[in-house]
Amino acid sequence: MSEQAREPAGRRVVIVGAGMAGVQTAVALREQGFTGSVTLIGAEPHQPYDRPPLSKAVLLGKAEGSAFDIDFEALGIGLRLGREVLGVRPGEHLLDTAEGPEPYDVLVLATGAEPVTLPGTEGVPGVHLLRTLDDAERLRPVLAEGQDLVVVGAGWIGAEFATAAREAGCAVTVVEAAGRPLAGTLPAEVAVSMADWYAESGAVLRTHARVARVEPGAVVLEDGARLPAGAVVVGIGARPATGWLAGSGIALGAHGEVLADDRLRSSAPDVYAVGDCASFPSARYGERLLVHHWDNALQGPRTVAAHIAGEEADPYDPVPYFWSEQFGRFVQYAGHHAEADTLVWRGDPAQAAWSVCWLQDGRLVALLAVGRPRDLAQGRRLIEAGARMDPALLPDPARPLKKAVA
């Protein structure tokens, strides 16, 4: 098919969201040979940047920022930064912004996710979130001053922030309403072994601890305990940033995410959705997945760009992957274990390196690796292949995973 046949002259693609998903969609369009107009709209005034360094190098003052090393002008990608989007009118192919309507031929929703706030903390001084560059810059002097910190939530972001704060020499208390860290992500038998990491680092982890209120200088728990806090960091989850789509007619899911199909098309014509703000149907796992991780924001844009450019795009069905650096450990996860029927340990969780495999009907469907990157790399490929594992060989951590295939 000729370029002229599959790409009408003057075709305009507008991308809402200048994070990883939005930026990669714009770049992938050019890589696919798309020659029409590409405009990237971002709510923040900063040059588009990567988020993972915010909880590490940027927070600790080891880097001033994490801007993408991309020459947008050379690629012919228009940047409109610091612009708020208000809504979209799919029937008219118009995006409403604070500066007026923006016409489009194709619209890509890449607005990501926004952190969940702790009720009752609005306007309380010293309460922080960690999602944006501005958030990290506000927290950097807090760590530099060595203030006593309370972290609300022992999920991935809470653990990563606690790690950075301990590295900076701060006293850290992490409060978690559930009985263990990562309660919404990992089963108890796995997550409970990770609770010891906090004490080893010098952080205090308080589980079954619910916040009653936050006052200037203190967090008060429901049991009456009062925790001194020069600053409070809230990390209790994130939700798709899609509130601005109300009234648009674009179908949203139970978590507020855009319901995309297996090519990442929304329910509205010429509107795609990619990254943290969208869920997609997974044939591999037999359910719809909502993945709030960097790798999903990196991979999805290739499918969107190929489809927009008129190329044949395979259904979007990746093996979900993420990593986390916490308390001196490199933690990686691949797959999706919700429907797994068997859990197999590889190694001792009391040691520095170990893995957990999840099987469903004998096939590897997910893997968590702590300090075992080879397990992760091999496991990810085996999950993609739908490999069936030998339960007698799999538990031996000295045996490469690929040698434990049935």
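Student: At what angle do helix 2 and helix 7 pack?

Tutor: This is a predicted model. In it, helix 2 (residues 20-31) and helix 7 (residues 294-308) pack at about 35°. Their axes are 8 Å apart. The crossing of helix 2 past helix 7 is right-handed.

Student: Which residues make the contact?

Tutor: Helix 2 gives Met20, Ala21, Gln24, Thr25, Ala28 and Leu29. Helix 7 gives Trp294, Ala297, Leu298, Pro301, Arg302, Val304, Ala305 and Ile308. By type, 11 are nonpolar, 2 polar and 1 charged.

Student: Why do contact residues in a helix recur at such spacings?

Tutor: An α-helix has 3.6 residues a turn, so residues three or four places apart point the same way.

Student: Now helix 8. What should the 13 residues of helix 8 span?

Tutor: Allow 1.5 Å a residue, and residues 373-385 should span 18 Å. The end C-alpha atoms of helix 8 are 19 Å apart, which agrees.

Student: Which residues are buried in helix 8?

Tutor: Asp375, Leu376, Gln378, Gly379, Leu382 and Ile383. The buried residues of helix 8 pack against strand 22 (321-326), strand 23 (329-335), strand 24 (342-346), strand 25 (354-360) and strand 26 (363-370).

Student: What follows helix 8?

Tutor: Gly386, with a positive phi near 65°.

Student: One sheet, please. In what order do strands 18, 20 and 21 lie?

Tutor: The order is 18-20-21, in an open sheet with mixed pairing. Strand 18 (258-259) and strand 21 (287-290) are the edges, each pairing on one side only. Strand 20 (residues 278-282) runs antiparallel to strand 21, with 4 bridges. Phe280 sits opposite Leu289 of strand 21.

Methods. Residues are numbered from 1 along each chain as its sequence is written. This is a predicted model: local features need pLDDT of at least 70, side-chain atom pairs count only at pLDDT 80 or more; totals for chains, interfaces and linings use all residues. Side-chain values use heavy atoms; hydrogens and water are left out. Helices (H or I, at least four residues) and strands (E, at least two) are DSSP runs, numbered from the N terminus. The expected span of a helix is 1.5 Å times one less than its number of residues. Buried means under 20% relative accessible area, exposed over 50%, partly exposed in between (1.4 Å probe, protein chains only). Contact means heavy atoms within 4.5 Å. Axes are lines fitted to C-alpha atoms, for helices over the stretch in contact, and angles run from 0 to 180 degrees between N-to-C directions. A crossing is left-handed if the near helix is turned anticlockwise from the far one by less than a right angle, and right-handed if clockwise. Ala, Val, Leu, Ile, Met, Phe, Trp, Tyr, Cys and Pro count as nonpolar, Asp, Glu, Lys and Arg as charged, and the others, Gly among them, as polar. Two strands pair if DSSP finds at least two bridges between them.
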